[in-house]
Amino acid sequence: MSRTLAGRTLAGLGTALLAAAVLANPAAAAPADTPSTRDFGNGAERNEVAAVDNAAVSALSTRSLPAEQPASTWTLKTWKGYPRQNTLPVYPENPEDRSIKLGLIPYHSIAPRLNALQKASNRVSAEIIGKSAGGRDLYLVTVTAPESAADAARQDRWRELIEDNPSAAARDRSLKAGYKTPVWINANIHGNEWEGTDGSMRVIERLATATDATTRDLLKRSRVYLTVSNNPDGRVAGTRANGAGFDVNRDFATNSQPESRAVRDVVISTQPFVMLDEHGYTGTTLIEPATPPHGQNYEYDLYIKHALPNALGMEKAIQKLGYPETTRADIPFRDYAPGDWDDWPPIFTPMYAMYHGAIGHTVEIPLRVNNADYTGLPVEELRRRSRINTDVAAATIEAALTYADTNRATLLTDQIEQFRRGWAGAPSPVIPDGFVDGFGPEDRYSTKFPRAYVIPAGTPAAARLVNHLVANDIRVTKALHPFTLAGKRYSGGTYIVDMHQPKRGLANVFLEAGRDISDLVPQMYDISGWSHRLLWGAAVDISRDAAPRAVTVPVTRAAPTGAVDAPHGRDLSLSLRDGNDVRAVNELLTRGIKVRRTAAGTVVVPADARAVATSIAKTFGVRFTAAPRGATGPAVEQPVIAAAVSADELFALKEMGFAVQTVSTAVLNAGFDLSGIDTLIVSSGLSYTGLTPAARAAVDAYLARGGGVLTRGATGAAFNAAAKVLPATAVTGRGDANGVVTVTNEGPIVGAGSPPHSFVYSPIWFTGTGFTVEQRYGADPLVAGHWLPTDAGANGPAQAAGQAAVVSGSTAGGGNAVLFGTEPLFRAHPKGLYAQYARALFWTAG
Ligand SMILES: [Zn+2]
């Protein structure tokens, strides 16, 4: 196998080589042996661009945080046969659509084309499965030979049998003979990686009209599902992100965005054997399987035995196209060093799909047409590249269809086996060297699944977590009576995740702590740590070995948690422990209720607002208790916030109900009026040294009159130093370091009642005196993730241990300031950290 240091070095140098090639001859195609290069998502670099408020963010964030959010938005309709055609709404032509310059299909042309295909062919069905952040339709196209309603219902029953009773499915001869191979193609999840859509449309057109026996037989034996554009906002605008500024292909552990929720529901409902996620542009076509580290919760043997030959088949298919640019593919498992293109986190579409039984592949089409190339290259060259890219996308889809059809018997057997192992509690597979060509010790990852997780009910965080698990097709039950497990007594109503279940891998990837993989690989592609158990605010216990023995019922939706738990006539108290508590306070303020702060983390609501409080408690699942008699404090006002923040932070702020005016260096330089602002948030796209003298004077005046400041990350720390906010010196860990860390809580604002874990990306700690330490990194802080020291043996977790992670203090002007070295709102994921950020925000607002 050729996974050598040379391969890794080449991959690392790819950007430079590609840039050099383009500089030398901008009109030339990338050379065929150009190593693949990668595009990063919203990681450390997200500190550079300030988010701009828009309708998409506002519309989405109003409903995301409440614990009661619906589990699922779309499902296959079991009472219909095929075709199940719909006349899709047609939208006005948009001459600004960025696809047009490339000669590709603009968003507004997709619906008319699908409508025409449905008219022309009884093999094609199209439907709308949701709306993008920006309100555009998300389409699912199904191509298959016609089925009666009874045929379709039988297919549905078989699909359920495979998951619910895999042993029975394995014995069912009629299932084996008649079950149609489900294949799912996802395209254009990154909006400015266009041609997956065009390749998908071409394949749909061919399958719709082909008269050859091979195609007819394939469609009798297969259902081909295609989400032809998973990110129409980005397709139109020429952006990687959706209309809310999110990288959808990093959102699968969180599902904060409608685009990821829609395809989550597609993968659950269709249970594909094989799926492709069509991306671009890596110079050379890239086809997964990926490098190690491999997710330790996969049934990886069942995956790689298909993923590698399927990738080789796709490589052959692009070779057959005959272009000098498509003579080979990079297959990371075969060609790259560990860590260069891994499948570790569940945030990517194919990795997420693997937990639902799919052989998932990211495919990167080769020739760059976005960003600087989009504006810099001649139109003819762009269109030439897009034609080749479309050919590559179509060829990989066709090859995957052929693989799935040819190998349908073993694919079925292996999906059944994946779910069987889950139900049986079988040990994590140990795979021998040479299991497939190139499989070695560096590929071997496994875990010991716990017997059960237990989630005590009653908090909005518990309800949110349970609803998230259920929405992801993880089986959760609720105990009807009190029970004891692993030596601990639980009340009736407690939730149980019995790990003897078909999708145990997904359950564990969400609920385990994760693993410190710093020593295993020199670098990682994206995040390496996450944990819904440690970061989402709910208490979750682990039963390592003891089986739950309780009378239970399945949970389809968490029980409501909202309550007003106080005698009539008493003032009410609410502690800000969860983002929903914060949302509730903002709702009270919006409705004109007088709220007083008795401590940084607790507010008192007057007894006469009980009716409003009761309604808010119900909506947001929060619990008001009786306030101590005579409890009072300063009135809480809705803070007036100017925020230079990243898109994910803006989204999280809106989830919590804060009104935000977005700013940036440019906005301040244009004369933004700070006089009415209570607090200024700085984490992205605001540089004090980049301000004009007038804007700098305005910031100085703001600080001199006691305006509040909240910062996060390197951009915030730089602002703190340049504007002399607090006398704290920031020390930064390695830029790509990230993961779940332990923290100790000390201070009265952020430290009050925060969980003992936090999340970091490019971690920062603070040294000096003249401030209060709110939170410190633990003694051995990294629980899960990847955080190496720099080459000098500095800036690692050992150096961060015990250092201040979050600090608070008074500015020279008498204002309040809080500096975060952690990432409490990262990609809207760590819901359990929201409240500490909000407490800091209220406090800095005064
Ligand atoms: Zn991409």
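**Zinc site, helix packing and backbone features**

Q: Which residues coordinate the zinc ion in this predicted model?
A: The donor atoms that coordinate the zinc ion lie at 2.0 to 2.8 Å, and the residues supplying them follow the sequence spacing H-x2-E-x85-H. Two of the donors are OE atoms of one residue, Glu 193, while each histidine contributes through ND1. The residues asked for are therefore His 190, Glu 193 and His 279.

Q: What is the geometry of the site of the zinc ion, judged from the angles among its 4 donor atoms?
A: Four donors count as tetrahedral if all angles lie between 85 and 135 degrees, and the ideal tetrahedral angle at a metal is 109.5 degrees. Here the angles among the 4 donor atoms run from 51 to 151 degrees. Because that range goes outside the tetrahedral limits, and because square planar geometry needs opposite donors over 155 degrees apart, the site is classed as irregular.

Q: How many residues apart in sequence are the parts that the pair His 190 and His 279 ties together?
A: In this site His 190 and His 279 each bind the zinc ion through ND1, and both histidines are buried. His 190 belongs to the loop between β3 (181-187) and α7 (195-209), whereas His 279 belongs to strand β5 (residues 274-280), so the pair joins parts whose separation in sequence is 89 residues.

Q: Is helix α4 parallel or oblique to helix α16?
A: Two packed helices are described by the angle between their axes and the distance between the axes. For α4 (residues 149-164) and α16 (residues 408-424) the axes are 8 Å apart and the angle is about 45 degrees. Ile 162, Glu 163 and Asp 164 of α4 meet Leu 412, Gln 415, Ile 416, Phe 419 and Trp 423 of α16, and these residues divide into 5 nonpolar, 1 polar and 2 charged. Given the angle of about 45 degrees, the arrangement of α4 to α16 is oblique.

Q: How many charged residues are in the contact of α20 with α27?
A: Helix α20 (residues 579-590) and helix α27 (residues 834-845) have axes that come within 7 Å and cross at roughly 40 degrees, which makes α20 oblique to α27. The contact is formed by Gly 579, Val 582, Val 585, Asn 586 and Leu 589 from α20 together with Tyr 834, Ala 835, Ala 838 and Phe 842 from α27. Sorted by type, these residues give 7 nonpolar and 2 polar, and the charged ones number no residues, that is, none.

Q: Is Asp 516 buried or partly exposed?
A: Asp 516 lies in the loop between α18 (504-511) and α19 (532-535), and beyond its neighbours within four places in sequence it is in contact with Leu 782, Val 783, Ala 784 and Gly 785. Buried would require under 20% relative accessible area, and exposed over 50%. Because Asp 516 has 37% relative accessibility, it counts as partly exposed.

Q: Which residue does a cis peptide bond join to Pro 83?
A: Most peptide bonds are trans. Pro 83, in the loop between α2 (55-61) and α3 (107-120), takes part in a cis bond with omega about 0 degrees, and the residue joined to Pro 83 is Tyr 82.

Q: Where is Asp 473, whose phi is positive, found?
A: Most residues other than glycine have a negative phi. Asp 473 has a positive phi near 65 degrees, and this residue is found in the loop between α17 (460-471) and β11 (477-479).

Key: Residues numbered from 1 in each chain as written. Predicted model: local features only at pLDDT ≥ 70, side-chain atom pairs only at ≥ 80, totals over all residues. Heavy atoms only, no water. Donors = N, O, S within 2.8 Å, 3.2 Å for Na, K, Ca; no water. Tetrahedral: all angles 85-135°; square planar, octahedral: opposite > 155°, others 65-115°. Helix = DSSP H or I, 4+ residues; strand = E, 2+ residues; numbered from the N terminus. Buried < 20%, exposed > 50% of the residue type's maximum accessible area, 1.4 Å probe, protein only. Axes fitted to C-alpha atoms, helices over the stretch in contact; angles between N-to-C directions. Parallel < 35°, antiparallel > 145°, perpendicular 65-115°, else oblique. Contact = heavy atoms within 4.5 Å. Nonpolar A, V, L, I, M, F, W, Y, C, P; charged D, E, K, R; others polar.
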